[in-house]
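Let's take a walk through this protein together. Have the sequence and the 3D view open, and we'll go from the overall picture down to a few residues.

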Amino acid sequence: MTKSLGDRVRDMIHQSGSDTELMWVPATPAEAARRKALDDRDQILQEIRGMTFEQSKSYLMRDIILRKYPHYEFTPYHTNILRLITKWIWRIEDPMMDLAKGFLLIGAPGTGKTAIMEMISIWSQIIERRRFKMCYAKLACDEARKQKDTQVDNQYYRGSWCIDEIGHEQGENNVWGNKVAYISDLLEHRYQRGLITHGTSNKDLDPDSGSDYLGLIYPARVISRMHAMFNVIPLNVDDWRKK
């Protein structure tokens, strides 16, 4: 039986041990002050100019992640996902992923899905490689409902985005009297135009996941297209907010 991407991420941990370059290390007061001073994008660009992949990977953890999530407890599992997606940004081939696909992180609330994609989004924009922004599914639907958005010129219908909390939006939108399944239509549009898309979800693409199956929300053609759009990674870790 072919192993899932999540199982192979775990194998990476056992084979290589903890990735010390990426593991969280408390900053000294002097180092914390230096990081705080790096909030200006031009300063960050000056620091990373000419970095190799390995150097940029270390910088991501030291200077980007700790500023945004200083109290987040990263496990070796999170670390290897970050390493994998960083490879994707640099277009470094890896048998565990398809460079032509985006990533879909699946897991319960508090497992780090949004945190990982937010940080990678920031990093992609700083190093100006395979840049993407965050789109929050429920907020996007609320926005469309309020603005009576016809979707023709909607920002999420072009460019690269990560759709956060896919399946969390509530039902259909009423747009100019028409019932619109906003996120479902958005996913179809992006697939048809070959746009790179990332996502996170509390629900699953596996039909054996019961009430958490995304197929209970979206039509079969959308589920099929999501398989074609994403490298799917499950986050089977504890809720960090409950610690």
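Nine helices and seven strands make up the regular parts of this protein. Keep in mind as you look around that the model is predicted.

How much of the chain is tucked away? Of the protein's 243 residues, 47% count as buried. On the outside, the protein exposes about 12400 Å², and carbon and sulfur atoms supply 50% of that area. Now think about who touches whom. If you take the contacts in the protein with a separation of 6 or more, 76% of them come from residues 24 or more positions apart.

For a good example of such a pairing across the sequence, go to helix α4, which spans residues 53-68. Phe-53 belongs to this helix. Is Phe-53 buried or exposed? Its relative accessible area is 11%, and because anything under 20% counts as buried, Phe-53 is buried. Which residues does Phe-53 touch, once its neighbours within four places in sequence are left aside? The answer is Arg-83, Thr-86, Lys-87, Trp-90 and Ile-92. Take Trp-90 from that list: it sits 37 residues away from Phe-53 along the chain, yet the C-alpha atoms of the two are separated by 7.1 Å.

Stay in helix α4 a moment longer, since Lys-57 is there too. You might wonder about a charged residue in this spot: Lys counts as charged, and Lys-57 is buried, with a relative accessibility of 3%. Lys-87, which we just met as a contact of Phe-53, comes up again here. Lys-57 and Lys-87 are 30 residues apart along the chain, and their C-alpha atoms are separated by 8.8 Å.

Now jump further along the chain to a pair of helices, α8 (residues 182-192) and α9 (residues 220-229). Their axes come within 10 Å and cross at roughly 50°. An angle like that is neither roughly parallel nor roughly perpendicular, so α8 is oblique to α9. As for the handedness, α8 passes α9 in a left-handed crossing.

Which residues make the contact? From α8 come Ser-184, Leu-187, Glu-188, Arg-190, Tyr-191 and Gln-192, while α9 brings Arg-221, Val-222, Arg-225, Met-226, Ala-228 and Met-229. By character, the residues where α8 meets α9 are a mix: six are nonpolar, two polar and four charged.

Methods: Residues numbered from 1 in each chain as written. Predicted model: local features only at pLDDT ≥ 70, side-chain atom pairs only at ≥ 80, totals over all residues. Heavy atoms only, no water. Axes fitted to C-alpha atoms, helices over the stretch in contact; angles between N-to-C directions. Helix = DSSP H or I, 4+ residues; strand = E, 2+ residues; numbered from the N terminus. Parallel < 35°, antiparallel > 145°, perpendicular 65-115°, else oblique. Left-handed = near helix turned anticlockwise from the far one by under 90°. Contact = heavy atoms within 4.5 Å. Buried < 20%, exposed > 50% of the residue type's maximum accessible area, 1.4 Å probe, protein only. Areas by Shrake-Rupley, 256 points an atom, 1.4 Å probe, with all protein chains shown as cover.
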